[in-house]
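Colleague: I would like a close look at one part of this model. Please pick one helix and walk me through it, along with what surrounds it.

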Amino acid sequence: MTGRLNSAQPYAIGLFRIVVGLLFACHGANSLFGTFGGQTVQAGTWPGWYAAVIELVGGSLVLLGLGTRAAAFIASGAMAYAYFKVHQPQALWPIENQGEGAAMYCWAMFLLIFTGSGAFGLDRLFAKRTGTQGATTADQAPVAA
């Protein structure tokens, strides 16, 4: 059973990346354009407008699997900033300060920094085209604790 789960790992990571990227991009589109019934943020206001741009662009890149690790790094940092500067001063726990979304996005993006794009990402497509596969069989094996 472990062998089957390990062989499906790139596909599970790819699907995880797609869902997280889509939701993150929708959150940014909501703030920037008022989609999905949201309130728009005035252009150039700190930190809301900049966070919305990071959410839309970073979420789109993560969704496509293009520059996943770099986009996830920036997105994770933006969500950590959002949690500690906006939510955490109101109360300690995320359930008390409405910071669950920021905390979950921060950790989800943090995970993608280390896992990469998984299957279905444009990163892999471009790596195959340029011939710089870069990952050997030993590199693809999961790390055992």
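Modeller: What follows is a look at helix 3, its neighbours and the loops of interest. Keep in mind that this is a predicted model.

Start with the setting. The chain has eight helices and zero strands. Its C-alpha atoms fill a box of roughly 45 × 35 × 20 Å along the principal axes. Of the 145 residues, 30% are buried. Take contacts between residues at least 6 apart in sequence: 66% of them join residues at least 24 apart.

Now helix 3 itself. It covers residues 48-64, which is 17 residues. At 1.5 Å a residue, helix 3 should span 24 Å. The C-alpha atoms at its ends are 24 Å apart, so expectation and model agree.

Which residues of helix 3 are buried? They are A52, E55, G58, G59 and V62. These residues cover an arc of only 150° around the axis, which means they sit on the same side of helix 3. What do they pack against? The partners are helix 2 (9-33), helix 4 (68-87) and helix 6 (100-115).

Next, the two ends. P47 belongs to the loop between helix 2 and helix 3. The peptide bond joining W46 and P47 is cis, with omega about -10°. Most peptide bonds, by contrast, are trans. At the other end, G65 comes just after helix 3. G65 takes a positive phi of about 75°.

Positive phi also turns up in residues other than glycine. Most such residues have a negative phi. Q98 has a positive phi of about 55° and is not a glycine. Q98 is placed in the loop between helix 5 (94-97) and helix 6. Is Q98 buried or exposed? Its relative accessible area is 54%, so Q98 counts as exposed, the cut-off being over 50%. F120 is another case: its phi is positive, near 70°, and it is not a glycine. F120 lies in the loop between helix 6 and helix 7 (122-130). Helix 6, recall, is one of the partners of the buried residues of helix 3.

Last, the surface and the charges. The chain exposes about 9,300 Å². Carbon and sulfur atoms supply 68% of that area. The chain carries 7 positive and 5 negative charges, and their mean positions are 15 Å apart.

Note on methods:
Residues are numbered from 1 along each chain as its sequence is written. This is a predicted model: local features need pLDDT of at least 70, side-chain atom pairs count only at pLDDT 80 or more; totals for chains, interfaces and linings use all residues. Side-chain values use heavy atoms; hydrogens and water are left out. Helices (H or I, at least four residues) and strands (E, at least two) are DSSP runs, numbered from the N terminus. Buried means under 20% relative accessible area, exposed over 50%, partly exposed in between (1.4 Å probe, protein chains only). Contact means heavy atoms within 4.5 Å. Accessible areas come from the Shrake-Rupley method with a 1.4 Å probe; for residues, only the protein chains shown count as cover. Lys and Arg count as positive and Asp and Glu as negative; His and the chain ends are not counted. The place of a charge is taken as NZ of Lys, CZ of Arg, CG of Asp or CD of Glu. The expected span of a helix is 1.5 Å times one less than its number of residues. The arc is that of the directions from the helix axis to the C-beta atoms.
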